[in-house]
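Work through the exercises below with the sequence and the coordinates side by side, and try each task before reading its solution.

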Amino acid sequence: MDLIQNAKTNYVIISKKDCVFCDMVNELLNDFFIDYTVIKIETLTDEQLEEIKPKDATKYPFVFKDKIYIGSYNKLNKDLNNGVL
């Protein structure tokens with residue numbers, strides 16, 4: 001969890017290669033002019049991935065706001081477009 005705790009941005013995205021929804025999250029945050037940090041799972045050890053993966057996460061990307069897991073693309077899209085985040 002240190003990777004998320006030490007991030008210099010409010011949003012941290014845990015993504016993987018060839019993930020359409022990961023790309024969509026990047027585009028969405030760019031559209032809203034939000035700075036974010038991307039951590040690719042391919043750069044993590046198994047131990048780091050186990051530590052960083054939220055227990056209730058079922059699909060990539062894992063989106064964290066202010067160091068708290070908020071969900072994936074659909075949740076982020078809904079919240080941003082409704083002015084929640």
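The exercises that follow concern a predicted model, and each is given with a worked solution.

**Exercise 1. Describe how strand S1 is covered and which strands it pairs with.**

Solution. Begin with burial: S1 spans residues 11-15, and five of its five residues are buried. Next, separate the two faces, remembering that in a regular strand the side chains alternate between the two faces of the sheet. Tyr11, Ile13 and Ser15 lie on one side and Val12 and Ile14 on the other, and since all of these are buried, both faces of S1 are covered. Then turn to the pairing, where S1 is joined by five bridges to S2 (residues 36-40) in a parallel arrangement, with Ser15 standing opposite Lys40 of S2. Between these two strands the chain passes through helix H2 (residues 20-31), and the resulting β-α-β crossover is right-handed. Finally, S1 is joined by four bridges to S3 (residues 62-65), and this pair runs antiparallel; here the bridge partner of Ile13 is Val63.

**Exercise 2. Which residues touch the most other members of the largest nonpolar core, and which elements give two or more residues to this core?**

Solution. The largest nonpolar core has 14 residues, of which Val12, Ile14, Ile39, Ile52, Tyr60, Phe62 and Phe64 touch the most other members. Sorting the core by element, one finds that S1 and S3 give two or more residues to it. To see one member in detail, take Phe62 and set aside its neighbours within four places in sequence: the remaining contacts are Val12, Ile13, Ile14, Lys53, Pro54, Ala57, Tyr69 and Gly71. Apart from the largest core lies another one of 11 residues, which includes Tyr11, Val63, Tyr73 and Leu80.

**Exercise 3. Find the disulfide and give its handedness.**

Solution. A disulfide is a covalent bond between the sulfur atoms of two cysteines, and a pair of cysteine sulfur atoms is accepted here if they are within 2.5 Å. The pair Cys19 and Cys22, with an S to S distance of 2.4 Å, is joined by a disulfide, and the count by this rule comes to one. The angle about the S-S bond is 75°, and the link of Cys19 and Cys22 is right-handed. As a last step, check the surroundings of the pair: both Cys19 and Cys22 are buried.

**Exercise 4. Is Asp23 buried, exposed or partly exposed, and how far is its C-alpha from that of Tyr73?**

Solution. First locate Asp23, which is found in helix H2. Its relative accessibility is 43%, so Asp23 counts as partly exposed. Asp23 and Tyr73 are 50 residues apart in sequence, whereas their C-alpha atoms are 9.5 Å apart in space.

**Exercise 5. Which peptide bond is cis, and where do Asp18 and Asp66, with their positive phi values, lie?**

Solution. As background, most residues other than glycine have a negative phi, and most peptide bonds are trans. A cis peptide bond, with omega of about 0°, joins Tyr60 and Pro61, and Pro61 is found in the loop between helix H3 (46-52) and S3. For the backbone angles, Asp18 has a positive phi near 60° and lies in the loop between S1 and H2; its relative accessible area is 74%, and therefore Asp18 is exposed. Asp66 also has a positive phi, of about 50°, and is placed in the loop between S3 and strand S4 (68-71). Because its relative accessibility is 39%, Asp66 counts as partly exposed.

Key
Residues numbered from 1 in each chain as written. Predicted model: local features only at pLDDT ≥ 70, side-chain atom pairs only at ≥ 80, totals over all residues. Heavy atoms only, no water. Buried < 20%, exposed > 50% of the residue type's maximum accessible area, 1.4 Å probe, protein only. Pairing = 2+ DSSP bridges. Right-handed = clockwise from strand over helix to strand, strands pointing away. Core = buried A, V, L, I, M, F, W, Y, C linked by side-chain atoms within 4.5 Å. Contact = heavy atoms within 4.5 Å.
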